[in-house]
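Me: I would like a close look at one part of this protein, the surroundings of the ligand. Please set that part in the context of the whole chain.

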Amino acid sequence: METTDLPKSSWMNEELDMLESACQRFYQEDCAPHYERWEEQGSFDRDAWVKAGETGLLGAEVPEEYGGPGGSFAHDAVITYQATRMGIDGFGAPLHNAIVIPYILQYGSEDQKKQWLPKLISAEYISAIAMTEPAAGSDLQGVRTTARKDGNHYVINGQKTFITNGQLANFIIVVAKTDPKAGAKGTSLFVVETDDVDGFRRGRNLDKIGLKSNDTSELFFDDVRVPASALIGPEEGEGFIQLMEQLPQERLLIALQAMGRIERALAETVAYVKERSAFGKKVIEFQNTQFELAEIKTEATVAKVFVDHCVARHLAGELDAATASMAKYWLTDLQCNLIDRCLQLHGGYGYMNEYPIARMYRDARVERIYGGTNEIMKLLIARSL
Ligand SMILES: Cc1cc2nc3c(=O)[nH]c(=O)nc-3n(C[C@H](O)[C@H](O)[C@H](O)COP(=O)(O)OP(=O)(O)OC[C@H]3O[C@@H](n4cnc5c(N)ncnc54)[C@H](O)[C@@H]3O)c2cc1C
């Protein structure tokens, strides 16, 4: 792929460079050859997850005492960024690594960590987080799924939708109401190990306009009994606070995915316009092409500096929720604008699925919606004014 020479991330180091190379090899050799088939079947192969685990790409932030390599968010940032940079957009591991696992690391008991983390690292457990319901997306407080205490168990009832990794996941964090009358304070998080329970059912693998290789599903919970030890955190009612604490990292992760895709779009487009001719010239020789690409590269450079600033602040424990929301909203809007302009420079070929830019155009769109819509991001930013 053409190099874009965007600014190198200040937080990278020699060890992370090695991880970057390992990611590139994994995405190129173990994913790219199968990617079209995965798009057709609507999910990755489970084997690819296992291979990712063997390559050290799952649970990078898990400490050594629980079988992990003891990395930091920087490791997950590299794994995430390189996936979209290399065109492996539908890989669910960024969510598994940097959204699900942190709930266990931050709030899990010693027993939960020992029991679950090694399985999450090896892909014996593929994970998902189920917040959204048919009638509750942006308004998370409106979740209707309930978890009723029954002796040493909880009984979960409800329905979730749009759940990433929903077909493959056998370890699902479920957002449920333990006290439906208490609003946000009545919300708790539970782990459902789906291999071991009755009453759990997967619905359709939803037919999306993009991210075809990722399974996104409805999930149904009908009197699903989980042990009391499936509650995340020491007591009921802490779920909403846990979500609010973890969502900024999810938003930064989405900004990184957008940035990886922007870099790829720029590289692909520069390569294309250098090859393609019209009116007896290469397309790159038209001044319009040069000005467009000059603007795209400038905006990509500004975006890279901003997202790197956010990663560095997050690594220092200083990234506030408003700034994470800015990164998510601005980078994901920007990527749709830039990819659209890159597609235009491909002419009709840009509209053909066999060209990577067409897939990027489809895959990028959802990032303005999930992880909290960009409208919700603006509400969060506005609260900081
Ligand atoms: C491919 C995909 C994968 C997903 N993965 C997951 C997952 O793994 N886990 C999970 O729990 N969820 C997941 N989601 C769900 C996603 O997070 C929600 O779709 C999103 O939060 C929006 O909720 P909604 O779809 O109900 O839209 P709604 O909340 O109904 O919003 C509709 C419109 O109203 C706007 N709106 C809503 N409230 C306000 C407001 N207060 N002010 C201004 N505008 C507002 C929204 O911005 C949007 O434009 C996924 C979604 C998709 C499409």
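Reply: What follows starts at the ligand and works outward to the loops, the core, the domains and the overall fold. The model is a predicted one.

The shell around the ligand holds 21 residues, and those that come nearest are Met131, Gly137, Ser138, Thr164 and Thr373. Three elements give two or more residues to this shell: β1, β3 (153–164) and α11 (374–383). By residue class, the shell around the ligand divides into 12 nonpolar, 7 polar and 2 charged. Domain 2 (128–237) and domain 3 (241–383) each supply at least three residues to the shell.

Gly137, one of the residues that come nearest to the ligand, is also a contact of threonine 132. Threonine 132 sits in the loop between β1 (127–130) and β2 (146–150). Beyond its neighbours within four places in sequence, threonine 132 is in contact with Lys160, Thr161 and Phe162 as well as Gly137. Threonine 132 is partly exposed, because 18 other C-beta atoms lie within 10 Å, and a residue counts as buried at 20 or more. Lysine 114 is 18 residues from threonine 132 along the chain, and their C-alpha atoms are separated by 28 Å.

Asparagine 165 is found in the loop between β3 and β4 (171–177). Its phi is near 70°, a positive value in a residue other than glycine. Asparagine 165 counts as buried because it has 26 C-beta neighbours inside 10 Å. Leucine 211 also has a positive phi, near 45°, and is not a glycine. Leucine 211 belongs to the loop between β6 (200–205) and β7 (216–227). With 23 C-beta neighbours inside 10 Å, leucine 211 is therefore buried.

Next, the nonpolar core. The largest nonpolar core has 110 residues, and Ala130, Ile156, Val174, Phe190, Val192 and Ala255 are those with the most contacts inside it. Helix α7 gives the most to this core, with 13 residues. For alanine 130, the contacts outside its neighbours within four places in sequence are Lys160, Ile163, Ile172, Ile173, Val174, Val175 and Leu219. Lys160 is thus in contact with alanine 130 and with threonine 132.

Helix α10 (residues 356–364) is mostly covered, with 7 of its 9 residues buried. These buried residues are Pro356, Ile357, Arg359, Met360, Tyr361, Asp363 and Ala364. They pack against α7 (239–275) and α9 (321–345).

At the level of domains, the assignment gives domain 1 (14–125), domain 2 (128–237) and domain 3 (241–383). The centres of domain 2 and domain 3, taken over C-alpha atoms, are separated by 31 Å. Between these two domains, 8 residues of domain 2 are in contact with 8 residues of domain 3. The side of domain 2 that touches domain 3 divides into 5 nonpolar, 3 polar and no charged residues.

Finally, the whole protein. Its secondary structure comes to 11 helices and 9 strands. The radius of gyration is 21 Å, close to the 21 Å that the globule rule gives for 385 residues, so the protein is as compact as a globular protein of that length. Along the principal axes, the C-alpha atoms fill a box of roughly 80 × 45 × 40 Å. Of the 385 residues, 48% count as buried. Among contacts between residues at least 6 apart in sequence, 74% join residues at least 24 apart.

Note on methods
Residues numbered from 1 in each chain as written. Predicted model: local features only at pLDDT ≥ 70, side-chain atom pairs only at ≥ 80, totals over all residues. Buried ≥ 20, exposed ≤ 12 C-beta atoms within 10 Å, placed from the backbone. Helix = DSSP H or I, 4+ residues; strand = E, 2+ residues; numbered from the N terminus. Contact = placed C-beta atoms within 7 Å. Near = placed C-beta within 6 Å. Nonpolar A, V, L, I, M, F, W, Y, C, P; charged D, E, K, R; others polar. Domains from an automatic or database assignment. Core = buried A, V, L, I, M, F, W, Y, C linked by C-beta atoms within 7 Å. Rg over C-alpha atoms; globule rule 2.2 N^0.38 Å.
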